[in-house]
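Welcome to this guided tour. Please open your viewer, and get ready to select one piece at a time.

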Amino acid sequence: MIARFRQSYRDMRLGTRLALGLGALALVVFAVVGNTLTMYMRDYLSAQLNEQLKIAQIAQSKSIADDGTLAGKKYYRWYYAVYDTSDGTPVLRKPEDPGDLPDDIDDFTLVAKALTIEGTEVTRTEHLEGHGQYRLRACEVEPGVVLVSAAPMDVIDDTVGRLITVQVVTFALALMALVVFGRAMLRRGLKPLSDMAHTARGITSHDLTDSARLPVRHDNRDGGHEVEELRTAFNTMLEHIDDALAVRTEAEQRLRRFVADASHELRTPLMSVRGYADLFQYAAAHSPEERDKHLARLRAEAARMGVLLDDLLMLARLDAADVETPLRLEEADLVELARQAADGFRAGHPDHQLTVATGAAPVRLRLDPLRLRQVLDNLLTNAAVHTPSGTKVSLEVAVASGTAEVRITDSGPGIPADDQERVFDRFYRVDKARSRDRGGSGLGLAVAHSLVRAHGGTITLTSEPGTTTFTVRLPLAGAGA
């Protein structure tokens, strides 16, 4: 039974549970207040009855002292008894009116005897058989004479009973009103929480795989400061979920493009290798003089595919740099690396005029010399591949604002504004119609960007018709630290 009640209580809505809890608390408060008020009223009426007995006995004592018997005004349903106690034993005097005494006077006699023994006024509450509860009071009229008066207490009981009835009815109505109106107020106060629950249900029914944004928010600003804090935290959480979904969606889209482009890029050299392998087999059987030419082609395509795979592997290792860094850092001179890259560029691209401005002082940094040389080679090769023969190219090394800067500038046609934001994307080519033999795989700038970022630096592009500049900035405090 108790378990069923607990389960029913747990199944109730929060507003109902709070209203019932408030009602239970109010019931305890009402019970304490009602009990205190009832006890106070009973004590007050009892004190009033004692005072009334005392006042009445003062007047009656004078009548007994003057006339020897009780005469004069008497109260309705009161009883009176006069005892002679000169010898220490209460002896009842014959009353003037037989109706002044109840049928059983034992309690009166005991009260008179107690006064004789104690010597002070005695007040007791006794049950008189056939008459109910009475308050008995004994006082000494004169030496050897004792008056015992008895007043009914049913008036007190009736008054207290009515008071209890009024309290029960009033408290019950107040309790019902408190539960009903309190529940309504609590439901109104908790409505923002219900709205948040509705919003959360909307999120659960939303297909998170279909969109990177959640179409629901909680905008109701009712409910007070605490609910406002919860609403702000709730919407902040939704914003974080939105950002996470956007990042995930973008990553998935980039992964799809990456896989598609990688498959496309690898398929071309593989088909070439297969074709030249067939030609090599045919030449070996029919034209031995062509065999070496086809074998050289096979090796060239295999080397090209190896370079592509090396770039892909490098990008994958850079993406997982938090697990395994692909850099081998050591102290190196950036100026010397720039001069070596310039020498390699002049040897490989004699049709482009290269000027170098590095200054006389070395710029020593903690970096991976092999990988940074790869960055410089990729940027210089990019300038040569995408500009006409005879285009001027410059390489500068400088130190500014706590960073080492390498600027590679060419005076070619420039890069369109729409393409500048995507030149560092993997497999992205500004000229989609450019042949792969001349235009490359589209990974050179992506590899350069990832390597510079792995060193703790940045690479930026500024371009307009007639000039294009790639700027590499590395921290002097120790790149890649």
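**First stop: Thr391 and its company**

Select Thr391 and show what touches it: leaving aside neighbours within four places in sequence, Thr391 is in contact with Asp351, His352, Gln353, Asp410, Ser411 and Gly412. Keep in mind as you look around that this is a predicted model. Thr391 sits in the loop that joins helix H9 to strand E9. Is Thr391 buried or exposed? Its relative accessible area is 8%, and the cut-off for buried is under 20%, so Thr391 counts as buried. Now zoom in on its side chain: a polar atom there lies 2.7 Å from the backbone oxygen of Pro388.

**Second stop: the sheet**

Next, select the five strands of an open sheet and follow them in the order E7-E9-E10-E12-E11. The pairing in this sheet is mixed. Which strands stand at the edges? They are E7 (353-357) and E11 (458-464). Each of these two has a single partner strand, so one side of each has no neighbour in the sheet. From one strand to the next, the twist averages 15°.

Now highlight E9 (residues 392-400) together with E10 (residues 403-410). How many bridges link E9 and E10? There are eight, and the two strands run in the antiparallel sense. For one of the pairs, click on Val393 and then on Asp410 in E10, which is its bridge partner. You have already met Asp410, as it is among the contacts of Thr391.

**Third stop: helix H12 and its partner**

Add helix H12 (residues 444-454), which packs on the sheet and touches E11 and E12 (467-475). The direction of H12 makes about 25° with that of E12.

Then select H9 (residues 369-385), which packs with H12 at an angle of about 145°. The axes of H9 and H12 are 9 Å apart, and their crossing is left-handed. To see where they meet, show the side chains of Arg371, Gln374, Val375, Asn378, Leu379 and Asn382 on H9. On the H12 side, show Gly444, Leu445, Val447, Ala448, Leu451 and Val452. Sorted by class, this contact has seven nonpolar, four polar and one charged residues. Here is a hint for reading such a pattern: an α-helix has 3.6 residues a turn, so residues three or four places apart point the same way.

Which residues of H12 are buried? Colour Leu445, Ala446, Val447, Ala448, Ser450, Leu451 and Val452 to find them. Just past the helix, look for Gly456, whose phi is positive, near 85°.

**Fourth stop: two positive phi values**

Most residues other than glycine have a negative phi. Here are two residues to set against that. Select Ser401, in the loop between E9 and E10. Ser401 is not a glycine, yet its phi is positive, about 55°. With a relative accessibility of 80%, Ser401 is exposed.

Now move to Arg77, in the loop between helix H2 (14-67) and strand E1 (79-84). The phi of Arg77 is also positive, near 70°. Arg77 is partly exposed, with a relative accessible area of 30%.

**Last stop: the whole chain**

Finally, zoom out to see the chain with its twelve helices and twelve strands. Of its 481 residues, 35% count as buried. Among the contacts with a separation of 6 or more, 64% are between residues 24 or more positions apart.

Terms used
Residues are numbered from 1 along each chain as its sequence is written. Side-chain values use heavy atoms; hydrogens and water are left out. Two strands pair if DSSP finds at least two bridges between them. Helices (H or I, at least four residues) and strands (E, at least two) are DSSP runs, numbered from the N terminus. Axes are lines fitted to C-alpha atoms, for helices over the stretch in contact, and angles run from 0 to 180 degrees between N-to-C directions. Contact means heavy atoms within 4.5 Å. A crossing is left-handed if the near helix is turned anticlockwise from the far one by less than a right angle, and right-handed if clockwise. Ala, Val, Leu, Ile, Met, Phe, Trp, Tyr, Cys and Pro count as nonpolar, Asp, Glu, Lys and Arg as charged, and the others, Gly among them, as polar. Buried means under 20% relative accessible area, exposed over 50%, partly exposed in between (1.4 Å probe, protein chains only). A polar contact is a pair of N or O atoms within 3.5 Å; within protein, one must be able to donate a hydrogen and the other to accept it, and residues adjacent in sequence count only if both atoms are side-chain atoms.
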